2 protein chains.
Amino acid sequence: MDRVKIFSDYIVQKGLKTTNQRMVILKTFLSSRSHYSTEELYLKLRKKHPKIGYATVHRTLKLLAESGVAIEQHFGDRHARFEPVRANRHHDHLVCVECGLIIEFEEPNIRELQLQVAAEHHFKINNHRHELYGLCSRCAAK
Amino acid sequence: MDRVKIFSDYIVQKGLKTTNQRMVILKTFLSSRSHYSTEELYLKLRKKHPKIGYATVHRTLKLLAESGVAIEQHFGDRHARFEPVRANRHHDHLVCVECGLIIEFEEPNIRELQLQVAAEHHFKINNHRHELYGLCSRCAAK
DNA sequence: CAAGAAATTGAAAATGGTTTTCATAATCTA
DNA sequence: TAGATTATGAAAACCATTTTCAATTTCTTG
């Protein structure tokens with residue numbers, strides 16, 4: 001289903017309101033590269049929509065996460081990042097600690113092993129975090 | 001090698017000083033359950049050593065991490081946690097989102113797959129984070 | 001062993017990302 | 001379209017973390 005619709009439905013279902021700001025934020029969020037921090041998205045939005053406040057961006061990102069359109073991530077640095085939910089729901093990340101490059105990868109065998117481990121410990125897994133930190137080829141070459 | 005010695009050596013090598021506070025913090029840190037947050041350790045220490053300040057605990061934990069005796073972790077909640085380094089250096093975590101239970105596990109096959117993925121993307125991995133979040137058997141049963 | 005240099009400590013203040021407050025504005029219901 | 005409710009933006013509050021600074025402790029050197 002279209003992610004805009006998912007969000008709209010969530011808004012209605014919760015008795016919230018559809019505002020210009022929310023739609024602008026959602027579209028900008030969906031249309032660009034992933035892994036936005038609140039500040040990055042705020043700065044980007046400000047160019048075309050100087051009146052949108054930081055708090056609104058922040059609240060909307062939280063709302064996007066709530067509605068299932070975005071996922072909140074916490075990489076090593078201090079700020080949260082938000083990533084649009086896409087078809088390949090389950091992927092993990094390679095993060096370059098030097099330049100900040102983030103590469104997504106999917107490895108079904110890892111998934112399988114995760115489930116196995118969880119079963120061994122009688123855990124019921126809701127979500128997970130799996131990130132590999134290091135140097136990308138470019139930074140390693142320096 | 002003994003972890004107290006590793007730390008002492010680090011202190012000397014860096015031209016720092018061996019203080020009572022540092023030794024007390026180190027020993028308490030090593031002698032108890034893992035995964036302390038700064039505040040938890042501070043509160044625990046305060047019972048027997050009421051004069052140790054929060055800042056000192058914080059600085060010492062950072063120092064422990066620097067010296068390789070501790071590893072700084074960031075789980076979902078907002079504060080950092082520190083874990084003593086042990087023999088099974090490479091392990092991952094199962095975290096119960098309900099009661100906070102943390103179980104460590106090791107799965108060599110996952111490690112292998114990680115290396116493989118990194119190689120595919122020409123990444124040089126320094127460290128990683130791998131956590132599975134969900135409900136432990138006890139909480140799932142409720 | 002004592003004195004001086006240098007590092008450490010603890011309390012309080014600063015920092016910085018995140019979250020909340022509050023008056024005003026916009027949306028939506030009836 | 002009015003009235004009720006939610007959203008917005010700016011500023012303030014929050015809170016874990018980090019830094020500052022005067023006083024204290026450690027350690028080196030004479």
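Colleague: Which residue of chain B comes closest to the rotation axis?
Modeller: That's His130(B), with its C-alpha at 2.1 Å from the axis. Keep in mind that this is a predicted model, where local features need pLDDT of at least 70, side-chain atom pairs count only at pLDDT 80 or more, and totals for chains, interfaces and linings use all residues. Residues are numbered from 1 along each chain as its sequence is written.

Colleague: What turn lays chain B on chain A?
Modeller: A turn of 180 degrees, with a shift of 0.0 Å along the axis and an RMSD of 0.2 Å. The two copies are thus related as by a two-fold rotation axis. The superposition is by least squares on the C-alpha atoms of residues with pLDDT of at least 70 in both.

Colleague: OK, the sheet. What's the strand order?
Modeller: It runs 5(A)-4(A)-6(A)-6(B)-4(B)-5(B), an open sheet of six strands with mixed pairing. Strands are DSSP runs of E, at least two residues, and helices are H or I, at least four, numbered from the N terminus. Two strands pair if DSSP finds at least two bridges between them.

Colleague: And which strands are at the edges?
Modeller: Strand 5 (102-105) of chain A and strand 5 (102-105) of chain B, each pairing on one side only.

Colleague: In which sense do strands 4 and 5 of chain B pair?
Modeller: Antiparallel, over four bridges. Asp92(B) stands opposite Phe105(B) there.

Colleague: Switching to the interface, why do the copies meet through the same surface?
Modeller: Because 100% of the interface residues of chain B are also interface residues in chain A.

Terms used: Chains lettered and ligands numbered in written order. Heavy atoms only, no water. Contact = heavy atoms within 4.5 Å.
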